[in-house]
Amino acid sequence: MPTMQIILSGVGGQGLMLAGNLLGRAAVEFSGLQAVMTSVYGVETRGTFTKSDVLISSEEITFPEVLAADVVVALDEIAYKRYVANLAPGVLLIFDDNIPEQPSQAIQESYPISSTAKELGNLAVANVVALGILAAKTKVVSGEALQNALRQEFASRPNLIELNLKALARGEELALQ
């Protein structure tokens, strides 16, 4: 598998570091792949631009940051605007449908990410809904690998496992509709 370069972007408080960690864990621990994640975030804890770069490959990864994204996930308009105009043709841009679409050379796909999380009872699982969409669209890791990563991440808080598994499944369903 060639290196898949993924950017998970939004604003602080949307769980993008967690999403990057889950994706990397699913790749390394449950798919036998190599992965690396780096993060960028503002000094405030909530509301400023945040991103996680996740690289996944079957081969050694020699540089830890995204140089040419294959996929960008934008959970907030701030992040979407940062990337939309500069993405190369063929890059998949997954974004929340509450963000107004702008012209781009990227392949743009909007989904009801935050509204789905609200329907599930907790906006905080929007990041996991997005991971479900990402996994279903790219096949970079399997849904089963992400389920295992979620179970492991929330092992000490079992009350969160079921909600996150539902969010992941719902994201996968959205991607296949």
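**Cavity**

I started with the lining of the largest cavity, and in this predicted model I found L8, L16, A19, V73, L75, N127, A130 and L131 around it. Which elements give two or more residues to that lining? They are helix 1 and helix 4, the latter spanning 126–138. I noted that helix 4 gives the most, with three residues. Sorting the lining by character, I got seven nonpolar residues, one polar and no charged. I then looked up the volume, and the largest cavity holds about 30 Å³ of space. My search of the whole structure for cavities of 30 Å³ or more turned up one.

**T50**

Next I went to T50, which sits in strand 3. Is T50 buried or exposed? I read 5% relative accessibility for T50, so I put it down as buried, the limit being under 20%. I was curious about what its side chain meets. A polar atom of the T50 side chain lies 3.0 Å from the backbone nitrogen of G12. On the T48 side, I found the backbone oxygen of T48 at 3.1 Å from a polar atom of the T50 side chain. Leaving out residues up to four places away in sequence, I listed the contacts of T50 as L8, S9, G10, V11, G12, L16, M17, V40 and Y41. Two names here took me back to my cavity notes: L8 and L16 touch T50, and L8 and L16 also belong to the cavity lining.

**K51 and D53**

I moved along to K51, which also has its place in strand 3, residues 49–57. Which residue does the side chain of K51 meet in a salt bridge? I found D53 as the partner, at 3.0 Å from N to O. The pair is listed as a polar contact between side chains as well, again at 3.0 Å. I checked how accessible the two partners are: K51 is buried at 15% relative accessibility, and D53 is buried at 3%. Setting aside residues up to four places away in sequence, I have K51 touching I7, L8, S9, M17, T38, S39, V40 and Y83. I was pleased to meet L8 again, as it appears among the contacts of K51 and in the lining of the largest cavity.

**Other salt bridges**

How many salt bridges does the structure hold? I noted six. One of them joins the side chains of R25 and E153, at 3.2 Å from N to O. R25 lies in helix 1 (residues 16–31) and E153 in helix 5 (residues 143–153), so this pair ties together parts that are 128 residues apart in sequence. I have both ends down as partly exposed, R25 with a relative accessible area of 23% and E153 at 26% relative accessibility. I also wrote down a network of salt bridges that links R25, E29 and E153.

My last stop was E173 and R170, a salt bridge whose closest N and O atoms are 3.1 Å apart. Where do these two sit? I placed both in helix 6 (residues 159–176), three residues apart, which means about one helical turn separates them. E173 is partly exposed at 41% relative accessibility, and R170 is partly exposed at 24%.

Technical notes: Residues numbered from 1 in each chain as written. Predicted model: local features only at pLDDT ≥ 70, side-chain atom pairs only at ≥ 80, totals over all residues. Heavy atoms only, no water. Salt bridge = Lys/Arg side-chain N within 4 Å of Asp/Glu carboxyl O. Helix = DSSP H or I, 4+ residues; strand = E, 2+ residues; numbered from the N terminus. Buried < 20%, exposed > 50% of the residue type's maximum accessible area, 1.4 Å probe, protein only. Polar contact = N/O pair within 3.5 Å; in protein donor to acceptor, adjacent residues only side chain to side chain. Contact = heavy atoms within 4.5 Å. 1 Å grid on protein atoms, 1.4 Å probe; cavity = no way out; pocket = protein on both sides within 12 Å on 5 of 7 lines; lining within 4 Å. Points joined across faces, edges and corners; volume = space filled by probe spheres on them. Nonpolar A, V, L, I, M, F, W, Y, C, P; charged D, E, K, R; others polar.
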